[in-house]
Structures are given as structure tokens and as C-alpha cells.
Amino acid sequence: NPKSREGLLYGEDFKTYATVPSGQVYNYTDTADTGNDFLCSISYVVNNGYAYILDIVYDDRKNEITEPIVAQSIWSNHVNICHVESNNGGRAFSRNIERITRDLGNGMTSFKPFHQSKNKVARILSNSSNVINHILMPEGWESRYKKFHKDVTGFLAKGKNAHDDAPDTLTGIFEKMQKGTKRRVF
């Protein structure tokens, strides 16, 4: 059942890995803005200019349901720094997941809410090759994160996309990696 690759921004071009390298563990969380959006929270290890995805929470349910799920992911992946987009309720989401992780016994994660003001589509398009070249997915991510996989690999460079939350979060991860290095990673 082959799919046309025409117009796809990423397609199936992501590299995968089998063994997690050592390194600082981060999380990037983009909360759901509207009823049609997905919360996307990704924990990852940065090593030698690459982000190795550890865990993905991709969910369109209410915050009351997703907050404990994200907090558990942050705690179980031993996240050192958690970046949460503070737009549209993100600051409250950040405070809530911090409280929940502290209740779980997590004292190591530093929570850093931030405001994202740049154009989402322009960011996604201009960083697409860097996302492909610097973000590695765990082997089997296609079946482990089915909806996320579908929304990333089916994302159109031009035209209407039902959901842009997954590509937006991957773009944010690359931007945070680039900002965190003295030199650009590309």
C-alpha cells in the first residue's frame, strides 16, 4: 500500500537509533491551544549535536488527563531541563506538571516556561532539513507512537495539515539545541 511522497515535508526520512547515548536529558512541551490541537511533550537526550528521542506524549485530551501523564514521563526519563511553551495556558500547565513531579519525588528537573512568538509554519519549513538531520527516533517509533508518526511523516510542505503540533515540537527541539550550543549545529 505505497503512499505518494509528493509534497511531504519529512516523509519517512528520520534516522533511528537502538542504544541511548549518555548526555543531558531535556523535555520540550507544547500544550494544546484549542480543542483541535494536540499536546506534544517530548523527552530527549542531547549528545554531540543530535537529539535522541526517549519518549513522546502526544494527546488531545484535557489538561487534567495529560498533566499527570507528562509529569510521569518527565520523572521516569530523569529530565534535567523542561522547556514548556507558556503561550495559551502553558505557564499554568508548567506549574502543574512541576508540582506533580515534585510530588513523585523529582527534585532534579528545572522547569523553564518560555513564550514562543515566531511564526509556526515558517519555523517548521525553515528548519525541516535540520530536524531530519539532527533528531533521531527510537527504533520502532512508527508503532509505538502511531498518531505522532502519522502527523509527522504525513505533514505537507504546502497545503492544509490537520495537525502541526508534532512538527512544531520537533522544530522547537532543534531550536533549543541550536540555542544551547556555542556554535550552530548545521
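**Exercise 1. Salt bridges of helices H3 and H7**

Lys-120 and Asp-164 form a salt bridge whose closest N and O atoms are 3.2 Å apart; state where each residue lies and what the pair ties together.

*Solution.* Lys-120 is in helix H3 (residues 120-126), and Asp-164 is in the loop between helix H6 (146-153) and helix H7 (165-179), so the pair ties together parts that are 44 residues apart in sequence. A salt bridge here is a side-chain nitrogen of Lys or Arg within 4 Å of a carboxyl oxygen of Asp or Glu. Helices (H or I, at least four residues) and strands (E, at least two) are DSSP runs, numbered from the N terminus.

The model is predicted: local features need pLDDT of at least 70, side-chain atom pairs count only at pLDDT 80 or more, and totals for chains, interfaces and linings use all residues. Residues are numbered from 1 along each chain as its sequence is written, and side-chain values use heavy atoms, with hydrogens and water left out.

Next, classify Lys-120 by accessibility. Buried means under 20% relative accessible area, exposed over 50%, and partly exposed in between (1.4 Å probe, protein chains only). With a relative accessible area of 23%, Lys-120 is partly exposed.

**Exercise 2. A salt-bridge network**

Which residues are linked with Arg-123 in a network of salt bridges?

*Solution.* Start from the pair of Glu-175 and Arg-123, a salt bridge with its closest N and O atoms 3.0 Å apart. Glu-175 belongs to helix H7 and Arg-123 to helix H3, so this pair ties together parts that are 52 residues apart in sequence. Then add Asp-168: Arg-123, Asp-168 and Glu-175 are linked in a network of salt bridges. Arg-123 has 5% relative accessibility and counts as buried.

**Exercise 3. Arg-61 and Asp-59**

How many salt bridges does the structure hold, and what is the distance between the closest N and O atoms of Arg-61 and Asp-59?

*Solution.* The structure holds eight salt bridges. In the one formed by Arg-61 with Asp-59, the closest N and O atoms are 2.7 Å apart. Side chains of opposite charge can pair when their charged atoms come close. For accessibility, take the partners in turn: Arg-61 has a relative accessible area of 43% and is partly exposed, whereas Asp-59 has 11% and is buried.

**Exercise 4. Strand S3 and its partners**

Is strand S3 (residues 39-47) largely enclosed or open, and in which sense does S3 pair with strand S2 (residues 24-30)?

*Solution.* Seven of the nine residues of S3 are buried, so the strand is largely enclosed by the rest of the structure. Two strands pair if DSSP finds at least two bridges between them. With S2, the pairing is antiparallel over seven bridges, and Gln-24 has Val-46 in S3 as its bridge partner. With strand S4 (residues 50-59), S3 pairs in the antiparallel sense over nine bridges; here Ser-41 has Val-57 in S4 as its bridge partner. S3 and S4 form a hairpin with two residues between them, and Asn-48 in the turn has a positive phi of about 55°.

**Exercise 5. The sheet**

What is the order of the seven strands in the open sheet, and which are the edge strands?

*Solution.* The order is S1-S7-S4-S3-S2-S5-S6, with mixed pairing. The edge strands are S1 (15-17) and S6 (110-114), each pairing on one side only. From one strand to the next, the twist averages 30°. S1 and strand S7 (residues 135-138) run parallel and are joined by three bridges; Tyr-17 has Pro-138 in S7 as its bridge partner.

Helix H1 (residues 63-76) packs on this sheet and touches S2, S3, S4, S5 (81-85) and S6; its direction makes about 155° with that of S4. Contact means heavy atoms within 4.5 Å. Axes are lines fitted to C-alpha atoms, for helices over the stretch in contact, and angles run from 0 to 180 degrees between N-to-C directions.

**Exercise 6. Lys-112 in strand S6**

Which residues does Lys-112 contact, leaving aside its neighbours within four places in sequence?

*Solution.* Lys-112 is placed in strand S6. With those neighbours set aside, the contacts are Ile-81, Cys-82, His-83 and Val-84. The C-alpha atoms of Lys-112 and Ser-94, which are 18 residues apart along the chain, are separated by 8.1 Å. At 38% relative accessibility, Lys-112 counts as partly exposed.
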